Amino acid sequence: QVQLVESGGGVVQAGGSLRLSCAASGRTFSDYAMGWFRQAPGKEREFVAAISLSGVTRIYADSVKGRFTISRDNARNTGYLQMNSLGPEDTAVYYCTLGQFSSTWSRYKYWGQGTQVTASS
């Protein structure tokens with residue numbers, strides 16, 4: 001089993017930045033690709049970014065490309081999502097997940113509880 005705990009969410013003004021962290025415990029963090037998804041009220045869960053096991057390959061949703069950066073530190077069993085130029089459209093609960101490298105949520109096996117990100121205009 002793997003336990004994931006997200007942190008770093010909060011309220012920022014439009015144009016601001018936040019850095020989310022995802023701390024993993026249990027099985028080896030480096031055995032899995034890591035992804036970030038988000039879900040806004042009344043909307044479906046949406047892919048944000050994913051990073052391969054080694055960290056070499058990264059993919060992003062078009063809506064965040066150029067603004068968000070996903071990274072991981074396998075030695076610390078921790079993943080990150082740096083979010084810049086945040087806007088109201090980024091307001092959502094953000095979830096960290098581990099599993100197969102993909103933009104599809106069903107490919108991921110382990111999920112955190114989520115952290116709220118709110119960007120006010």
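**An all-strand chain, from an outlying loop to the core**

Gly 55 is placed in the loop between β5 and β6 (58-60). In this predicted model, the glycine counts as buried because its relative accessibility is 13%, which falls under the 20% limit used for that class. Gly 55 also helps to give a sense of scale: from Val 11 it is 44 residues away in sequence and 29 Å away in space, C-alpha to C-alpha.

The wider setting of that loop is a protein chain with 11 strands and zero helices. Read from the N terminus, the elements therefore run β-β-β-β-β-β-β-β-β-β-β. The C-alpha trace spans about 40 × 25 × 25 Å along its principal axes. For 121 residues, a compact globule would have a radius of gyration near 14 Å, and the 13 Å of the protein chain agrees with this. Buried residues account for 45% of the 121 residues. Among contacts with a separation of 6 or more, 56% are between residues 24 or more positions apart.

Four of the strands can be followed together as one open sheet, in the order β1-β3-β8-β7 and with antiparallel pairing. At its edges are β1 (2-7) and β7 (68-73), each of which pairs on one side only. From one strand to the next, the twist averages 15 degrees. Within this sheet, β3 (residues 18-26) and β8 (residues 78-83) run antiparallel and are joined by six bridges. A handy landmark here is Leu 20, whose bridge partner in β8 is Leu 81. Strand β8 is also joined to β7 by six bridges, and these two strands run antiparallel as well. In this pairing, Thr 69 has Gln 82 of β8 as its bridge partner.

How do the side chains of β7 divide between the two faces? Phe 68, Ile 70 and Arg 72 point to one face and are buried, whereas Thr 69, Ser 71 and Asp 73 point to the other and are not. Such alternation between the two faces of the sheet is what a regular strand shows. Arg 72 is worth a second look in the model, as it belongs to the buried set alongside Phe 68 and Ile 70.

The connections on either side of β8 each hold a residue with a notable backbone angle. Most residues other than glycine have a negative phi. Asn 77, in the loop between β7 and β8, instead has a positive phi near 55 degrees. The hairpin formed by β7 and β8 has four residues between the strands, and Asn 77 is the residue there described as taking this positive value. With a relative accessibility of 29%, Asn 77 counts as partly exposed. After β8, Ser 85 lies in the loop that leads to β9 (92-99). The phi of Ser 85 is near 50 degrees, again a positive value in a residue other than glycine. Ser 85 has a relative accessible area of 45%, so this serine is partly exposed.

Turning inward, the largest nonpolar core has 33 residues. Those with the most contacts inside this core are Trp 36, Leu 81, Met 83, Tyr 94 and Leu 98. Strand β5 (residues 46-51) gives the most to the core, with five residues. In soluble globular proteins, nonpolar side chains tend to be buried together. Met 83 offers a good view of the surroundings: beyond residues up to four places away in sequence, this methionine touches Gly 16, Ser 17, Leu 18, Leu 20, Arg 67, Phe 68, Tyr 94 and Val 117. One of these contacts, Phe 68, lies on the buried face of β7, while Tyr 94 is listed with Met 83 among the core residues that have the most contacts.

The structure holds one disulfide, which joins Cys 22 to Cys 96 with an S to S distance of 1.9 Å. Cys 22 lies in strand β3 and Cys 96 in strand β9, so the pair ties together parts that are 74 residues apart in sequence. The torsion about the S-S bond is about -70 degrees, which means that the disulfide is left-handed. Which class of accessibility applies to Cys 22, buried or exposed? Cys 22 is buried, with a relative accessible area of 0%, and Cys 96 is likewise buried at 0%.

How values were computed:
Residues numbered from 1 in each chain as written. Predicted model: local features only at pLDDT ≥ 70, side-chain atom pairs only at ≥ 80, totals over all residues. Heavy atoms only, no water. Pairing = 2+ DSSP bridges. Axes fitted to C-alpha atoms, helices over the stretch in contact; angles between N-to-C directions. Buried < 20%, exposed > 50% of the residue type's maximum accessible area, 1.4 Å probe, protein only. Core = buried A, V, L, I, M, F, W, Y, C linked by side-chain atoms within 4.5 Å. Contact = heavy atoms within 4.5 Å. Disulfide = S-S within 2.5 Å. Rg over C-alpha atoms; globule rule 2.2 N^0.38 Å.
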